[in-house]
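Colleague: I would like a close look at one part of this model. Please take me through one chain first, then outward to its partner.

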Amino acid sequence: MTHDIISIQNLTSSYEDQLVLSDISFSVKKGEIFVITGASGCGKTTLLNHMIGLLQPDTGSILIDDCNIITATEQKKIKTLKNIGVMYQSGALFGSMTILENVCMPLQEWTSLSAQAIKTIACNKLKMVNLLSDAYKLPAEVSGGMRKRAAIARAMALDPAILFLDEPAAGLDPVTRNDLDLLIQQLANSLHLTFVIVTHEISTILSIATDMIMLHDKQIIARGHPRQLRKEKGSFMQTFFEKGLLNSNE
Amino acid sequence: MTNLDIFREDDNNCLTIILPPSLDTYSIGPLWDQVITKQQHSKPKKLVVDATKTDYCDSAGIALLTELDTLQRLDQHEFEVNHLKDDIQSLLKTLTSYDSLPPVEIPEPSFLNKTGRLGVKTLNDIRENISFIGEFWTIFFWQCRGLRRFRWQSFWAQVEAIGPKALPISALLGFVMGLILSFQALMSLNRFGATIYTVNLVTIALTRELGALLTAVILAGRTASSFAAEIGTMKINQEVDALTTMGIAPMHYLVLPRVIAGILITPVLTLYLIFFGFLGCFCVMHTQKYPLSIFMSQLFSAINLGDLWVGLFKAFVFGTIITFIGCIHGLRTKHHAAAVGESTTGAVVSSIVMLAIADGILTVIFYAI
């Protein structure tokens with residue numbers, strides 16, 4: 001049986017006096033493509049930021065690979081965080097470095113590999129995302145979709161077990177979005193990576209998600225496989241899917 | 001692991017590498033160096049990798065295997081991997097299946113190329129500066145003819161930022177400079193019994209030269225940098241593009257109020273700094289038992305309206321230069337993380353360099369006149 005690689009229990013979070021997330025509990029199994037969705041401003045990115053240790057919740061626990069990153073010592077937390085990769089919404093590539101240097105950076109920081117070995121590994125990662133031929137270009141010199149793929153390559157640099165992607169499809173055209181979905185699916189299947197994706201792209205959810213939660217009004221209102229949730233007649237989820245698909249078809 | 005544990009060689013120039021139980025990104029470093037060095041050194045006709053013991057392998061381990069394969073292929077020698085566990089085998093298959101064009105390395109430009117690029121960049125900068133100044137005066141002319149609505153709110157905000165907010169530092173710098181100049185002059189003039197002429201020396205230095213220059217240096221540090229950072233951030237956030245697409249010229253909206261405020265405030269700030277310089281001078285003269293009345297009469301006799309006009313004209317020119325440079329650097333900001341920092345530094349450095357050059361030219365001109 002596949003074990004839970006991420007487990008969140010009773011997470012509550014507020015910003016200043018405003019409650020953002022209330023009593024959130026769910027778990028993610030190893031090898032899943034897990035989607036967190038919901039309308040804009042419902043707290044998806046806040047939840048993601050809690051999961052990657054950028055924010056401290058008011059209450060609750062976040063277990064990543066059996067390590068509670070809220071209470072863990074700094075050393076243990078860093079060890080756990082090295083096992084995750086994050087792709088931010090904007091890509092967050094370092095603009096003054098080439099794409100290859102961006103991918104090399106985590107390897108230079110955390111491993112004792114020689115420069116040649118780092119370059120070989122980084123080139124392999126770029127090959128996976130089909131960006132090897134653009135390795136020496138600066139992020140500003142490539143398209144938005146290429147920047148996202150480069151960010152995925154950087155997030156995979158240290159061979160993490162979990163990849164967190166924040167709005168990977170945002171701002172991309174349908175063809176590039178589809179290519180990115182295929183890439184995620186391919187990486188999940190071949191490398192047995194666990195993906196946690198924050199998105200409200202219905203096409204992405206329906207095509208790649210193996211499990212999902214829907215956030216609404218600070219809480220989880222639905223949980224399950226997207227195709228099953230879509231079938232629940234008269235539910236909020238069904239409306240969400242149908243309207244979303246209608247908009248994307250227009 | 002020692003070399004004996006890892007390598008096995010036979011008489012047929014066949015090298016066997018015995019891999020450890022785990023091949024992961026964090027621990028593979030020393031093994032990578034050992035294995036590659038050995039392969040390069042012994043150039044085996046056949047290289048066999050024995051992965052019997054290996055239970056875990058990530059993409060770094062796969063990268064090592066592919067690297068060995070590539071090196072053997074380059075030498076036109078054999079390569080073989082034995083006893084690889086099924087899951088590692090499938091990972092190897094997956095990772096080597098990605099097909100891609102080789103990276104296109106951008107060669108380091110030659111000295112001649114670099115010089116040429118620098119020359120072109122300098123010429124472009126000069127052309128851009130000239131067109132910027134031309135565009136500014138065109139818009140200024142339209143403004144004067146009342147063809148465009150002046151942004152008074154922005155103008156007063158800039159006046160406040162450049163003037164009142166710079167008063168404390170201008171007062172401090174003026175006072176300290178007056179004090180220092182007076183002490184230095186006093187020590188020399190004391191030998192000739194002409195200490196009263198300290199006032200004359202300080203007056204001429206401050207009104208003709210130092211008042212304007214010190215004010216300009218303060219403005220270069222405060223105003224030019226803030227203009228460059230403010231406009232630069234707007235450029236990165238595409239606010240400048242938004243203005244352009246709305247049909248509003250950034251020159252009219254952002255630059256004009258700033259430059260006019262700078263041009264008008266710099267001479268006022270110069271007078272203020274000179275006043276505090278005199279105050280510093282009086283403090284020193286007071287220690288030499290000169291009463292206020294004598295100090296004032298000496299001061300009025302030393303002040304030459306011509307010198308004061310020269311100083312104020314310089315302040316006007318310096319104010320123009322500083323605000324222009326701040327705005328130009330802001331509008332030229334590029335789109336990366338360090339860009340605003342580069343613009344700010346560039347604005348301050350260019351302002352100070354241009355101040356020195358302009359001051360030199362003006363001093364020569366006024367001397368000739």
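Modeller: Start with burial in chain A of this predicted model. Buried residues account for 43% of the 250 residues in chain A. The chain has nine helices and 10 strands. Now take its contacts with a separation of 6 or more: 65% of them join residues 24 or more positions apart.

Next, the nonpolar core. The largest one has 92 residues. Those with the most contacts inside it are A122(A), L126(A), A153(A), F164(A), F195(A) and V196(A). Helix α4 of chain A, residues 115-128, gives this core its largest share, seven residues. In general, nonpolar side chains tend to be buried together in soluble globular proteins.

Zoom in on F195(A). Leave aside residues up to four places away in sequence. F195(A) then touches I33(A), F34(A), L163(A), L165(A), I184(A) and A188(A). A second, separate core has 53 residues. Among its members are F136(B), I162(B), V199(B) and A212(B). Keep I162(B) and V199(B) in mind; both come back below.

Before leaving chain A, look at two aspartates in it. As a rule, most residues other than glycine have a negative phi. D23(A) has a positive phi, near 50°. D23(A) sits in strand β2 of chain A, residues 18-29. It counts as partly exposed because it has 13 C-beta neighbours inside 10 Å. D66(A) also has a positive phi, near 65°. Find D66(A) in the loop between β4 (59-64) and β5 (67-68) of chain A. With 10 other C-beta atoms within 10 Å, D66(A) is exposed. The cut-off for exposed is 12 or fewer, so D66(A) falls in that class. D23(A), at 13, is therefore partly exposed.

Now the contact between the chains. Chain B puts in 26 residues and chain A puts in 24 residues. On the side of chain B that touches chain A, three helices each supply at least two residues: α2 (28-42), α3 (59-74) and α4 (86-97) of chain B. The residues of that side of chain B divide into 15 nonpolar, seven polar and four charged.

Move into chain B itself. Pick out helix α6 of chain B, residues 152-162, and helix α10 of chain B, residues 250-287. Their axes come within 8 Å and cross at roughly 45°. That angle lies outside the parallel, perpendicular and antiparallel ranges, so α6(B) and α10(B) are oblique to each other. The crossing of α6(B) past α10(B) is right-handed.

Which residues make this contact? From α6(B) come S154(B), F155(B), Q158(B), V159(B) and I162(B). From α10(B) come P257(B), R258(B), I260(B), A261(B), G262(B) and I265(B). By type, the residues of this contact are seven nonpolar, three polar and one charged. I162(B) thus has two roles to trace on screen: it is part of this helix contact and part of the second core.

Last, follow V199(B) to F300(B). V199(B) belongs to the second core. F300(B) lies in helix α11 of chain B, residues 292-302. The two are 101 residues apart in sequence, yet 9.7 Å apart in space, C-alpha to C-alpha. F300(B) counts as exposed because it has 10 C-beta neighbours inside 10 Å.

Technical notes
Residues numbered from 1 in each chain as written. Chains lettered and ligands numbered in written order. Predicted model: local features only at pLDDT ≥ 70, side-chain atom pairs only at ≥ 80, totals over all residues. Axes fitted to C-alpha atoms, helices over the stretch in contact; angles between N-to-C directions. Helix = DSSP H or I, 4+ residues; strand = E, 2+ residues; numbered from the N terminus. Parallel < 35°, antiparallel > 145°, perpendicular 65-115°, else oblique. Left-handed = near helix turned anticlockwise from the far one by under 90°. Contact = placed C-beta atoms within 7 Å. Nonpolar A, V, L, I, M, F, W, Y, C, P; charged D, E, K, R; others polar. Core = buried A, V, L, I, M, F, W, Y, C linked by C-beta atoms within 7 Å. Buried ≥ 20, exposed ≤ 12 C-beta atoms within 10 Å, placed from the backbone.
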